[in-house]
Amino acid sequence: MNIFLKIRRKIYKAFHPVLGEIWMLHRVIPEEQHSQIQSNRDLEITPDFLEAKIIEYQRKGYRFVTIDFVREILDSISSFSCAKSQKFVCITFDDGDSDNYEYALPIFRKYQVPFAVYVSTDFIDNRREMWWYPGQHLALNKEQLLQLDQEPLCTIGAHTLSHPKLDELTLEAQREEIEGSKYQLESWLGHPISHFSYPHGAYNDDTIKVVKNLQFSTALMAWGGVVRKGMSLNALPRLIIKQ
């Protein structure tokens, strides 16, 4: 690696200390239900694995927080307080699988750990299926969604209507996908939806414009590592958690 690049990275890390981690999860299901398709297996963890991961990070001294807390700390924290602050973990799920309700929720209740579920609304109202699991209807139903929304530990976020790669769409099509999911969720749940995650982690400058215009508090990528001071609330990094 170029010596100047190394120096730049060291300076960046010194002035942008690590605040915590945002985990990206999809499915929590028993081992016997895991897919035979490897790309799908990479999206699946067992309840036991999730529970062990929570215990591991609690023992390390991490604090489990809401996505609203992540926004607040990035808005307010100084470099000095960074050095002294307890690192956080924010757990997030993409897509809106029913197992988030069936298998993950009891674990979060047991340990009083907050979490967020980002929902693609076309899956919920049966307009389309999660095509990467052909022939299976895996999405939350509306009753489960409403119950999750009433759960104090859970935050519901938007994840577009149909889960496209947004950077392949026109500005107008992106607006329809993002705005449509936000307004549909608000209609179902009766309150504002303030958080968003990019399907496939795909976005471009037009996507950011739409997210800003809709006044989302945060928008999450599908990669990027740990959260550091000074990072953009419109492109927050996550860690992919695999078993």
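Reader: Why is R41 called partly exposed?

Author: In this predicted model, R41 has a relative accessibility of 28%. Buried means under 20% and exposed means over 50%, so 28% lands in between and R41 counts as partly exposed.

Reader: And what makes R41 and E31 a salt bridge?

Author: Look at the closest N and O atoms of the pair: they're 3.1 Å apart. The cut-off is within 4 Å, from a side-chain nitrogen of Lys or Arg to a carboxyl oxygen of Asp or Glu, so R41 and E31 pass. R41 sits in helix 2 (residues 38–41), while E31 is in the loop between strand 2 (27–28) and helix 2, so the bridge ties together parts that are 10 residues apart in sequence. E31 has 42% relative accessibility, so E31 counts as partly exposed too.

Reader: How do you know that E72 forms a salt bridge with R71?

Author: Same kind of check. The closest N and O atoms of E72 and R71 are 3.7 Å apart, and the limit is 4 Å, so the pair counts. As for accessibility, E72 has 40% and R71 has 22%. Both values lie between 20% and 50%, so E72 and R71 are each partly exposed.

Reader: Why is K182 called buried?

Author: K182 has just 8% relative accessibility. Buried means under 20%, so K182 fits. The side chain of K182 also meets that of E186 in a salt bridge, at 2.9 Å from N to O. Those two are four residues apart in helix 9 (residues 171–189), so about one helical turn separates them.

Reader: How many salt bridges does the structure hold?

Author: There are 16. Some join up: R27, E44, D97 and D99 are linked in a network of salt bridges.

Reader: What makes helix 3 roughly parallel to helix 6?

Author: The angle. The axes of helix 3 (residues 47–59) and helix 6 (residues 99–111) cross at roughly 25 degrees and come within 10 Å. Angles under 35 degrees count as roughly parallel, so these two helices qualify. The crossing is right-handed.

Reader: Which residues make that contact?

Author: From helix 3 you have P47, L50, E51, I54, I55 and Q58, and from helix 6 you have Y103, A104, I107, F108, K110 and Y111. Sorted by class, that's nine nonpolar, one polar and two charged residues.

Reader: Back to helix 9. Is Q184 buried, exposed or partly exposed, and how do you know that?

Author: Q184, which is found in helix 9, has 22% relative accessibility. That value is over the 20% limit for buried and under the 50% limit for exposed, so Q184 is partly exposed. Q184 touches T121 and D125, leaving aside residues up to four places away in sequence. Along the chain, Q184 and T121 are 63 residues apart, yet their C-alpha atoms are separated by 7.1 Å.

Reader: What makes the phi of D95 worth a look?

Author: Most residues other than glycine have a negative phi. D95 isn't glycine, and its phi is positive, near 95 degrees. D95 is placed in strand 5 (residues 88–95). With 2% relative accessibility, under the 20% limit, D95 counts as buried.

Reader: Where is T160 found, and why is T160 called buried?

Author: T160 is in the loop between strand 7 (154–158) and helix 9. Its relative accessibility is 0%, which is under 20%, so T160 is buried. T160 has a positive phi as well, near 75 degrees, and isn't glycine.

Methods
Residues numbered from 1 in each chain as written. Predicted model: local features only at pLDDT ≥ 70, side-chain atom pairs only at ≥ 80, totals over all residues. Heavy atoms only, no water. Buried < 20%, exposed > 50% of the residue type's maximum accessible area, 1.4 Å probe, protein only. Axes fitted to C-alpha atoms, helices over the stretch in contact; angles between N-to-C directions. Parallel < 35°, antiparallel > 145°, perpendicular 65-115°, else oblique. Left-handed = near helix turned anticlockwise from the far one by under 90°. Contact = heavy atoms within 4.5 Å. Nonpolar A, V, L, I, M, F, W, Y, C, P; charged D, E, K, R; others polar.
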